[in-house]
Amino acid sequence: MIKQEQMIVVSQHKIATNIFMLTLKGMLVQEMHQPGQFVHVRVANQMEPLLRRPISICSIDSEASEFTMIYRADGRGTALLSEKKAGDYIDVLGPLGQGFPIEKAASGDKALLVGGGIGVPPLYELSKRLVEKGVEPIHVLGFQSENVVFYEELFNQLGETHIVTADGSYGHKGFVTNVLETMTDDFAVYYSCGPTPMLAAVEKMYPHKEGYLSFEQRMGCGIGACFACVCETTEKMEVAYLKVCSDGPVFQSGVIRV
């Protein structure tokens, strides 16, 4: 159920260049059941900036009624959000969208998780849920450079993890596909989140595998009313467009034209 709540800031830390980890507390967390969903955050108490910012859910602690977001401060709205301190309140709407179907991987299976940049955070809660049900995750995580790499140790604790940087300053040099080309495809299902060109490349690599892609898109309302985030579908679909905020952000491979 979607709820709106004034959630209290538990903590906020800068964990890489312009990358912040924000933990919030409130009863809204009890509605968060599916990894890959997002929240719509009002970044300031005044009218401007007017629009909320969509931010993915990185991890969930239901017992403590807390959840964590990781975001990049690269605009006025997220810059204002990065100034929030413990004890402040933030207006949050969520959880929103359709997340990753963890039931597609069974105990004993391997699952491939591929993330790029700020698309990495939602894969962390997904990986935790998969491990809980006996699935072996393999993570391939791409970043621009060493200064923006985050959560490597935490992913390593869950399973095999490969870090890729575009400039070669850390881990493997190149793109996630460069690492994927060196790996076997003995996994049951893949999940991916990141820039659309990366999603298109991953989808193209595994045409015969079951896969689920989480799309990044500019949004207005976040609940499917304003049609600001529509994406064109492939010819296999009966409808020409789907809304990323409400129909997604996670879609099965082959649904969205990339």
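This note goes through a sheet, the helices that lie across it and two nonpolar cores.

1. The model is predicted, so local features need pLDDT of at least 70 and side-chain atom pairs count only at pLDDT 80 or more, while totals for chains, interfaces and linings use all residues. Residues are numbered from 1 along each chain as its sequence is written, and side-chain values use heavy atoms, with hydrogens and water left out.

2. Seven strands (DSSP runs of E, at least two residues, numbered from the N terminus) form an open sheet of mixed pairing in the order 11-10-9-8-12-13-16, where two strands pair if DSSP finds at least two bridges between them. Its edges are strand 11 (172–173) and strand 16 (250–252), each of which pairs on one side only. Strand 16 is joined to strand 13 (residues 210–215) in the antiparallel sense over three bridges, and Ser-214 stands opposite Val-250 in strand 16.

3. Helix 2 (residues 121–132; helices are DSSP runs of H or I, at least four residues) lies across strand 8 (110–116), strand 9 (136–143) and strand 12 (189–194). Helix 2 runs at about 170 degrees to strand 8, with axes fitted to C-alpha atoms, for helices over the stretch in contact, and angles from 0 to 180 degrees between N-to-C directions.

4. The largest nonpolar core (buried Ala, Val, Leu, Ile, Met, Phe, Trp, Tyr and Cys residues joined through side-chain atoms within 4.5 Å; buried means under 20% relative accessible area, with a 1.4 Å probe and protein chains only) has 29 residues, and Leu-130 is among those that touch the most other members. Helix 2 gives the largest share, four residues. Apart from this core lies another, of 27 residues, including Leu-213 and Phe-251.

Note on methods. Contact means heavy atoms within 4.5 Å. Buried means under 20% relative accessible area, exposed over 50%, partly exposed in between (1.4 Å probe, protein chains only).
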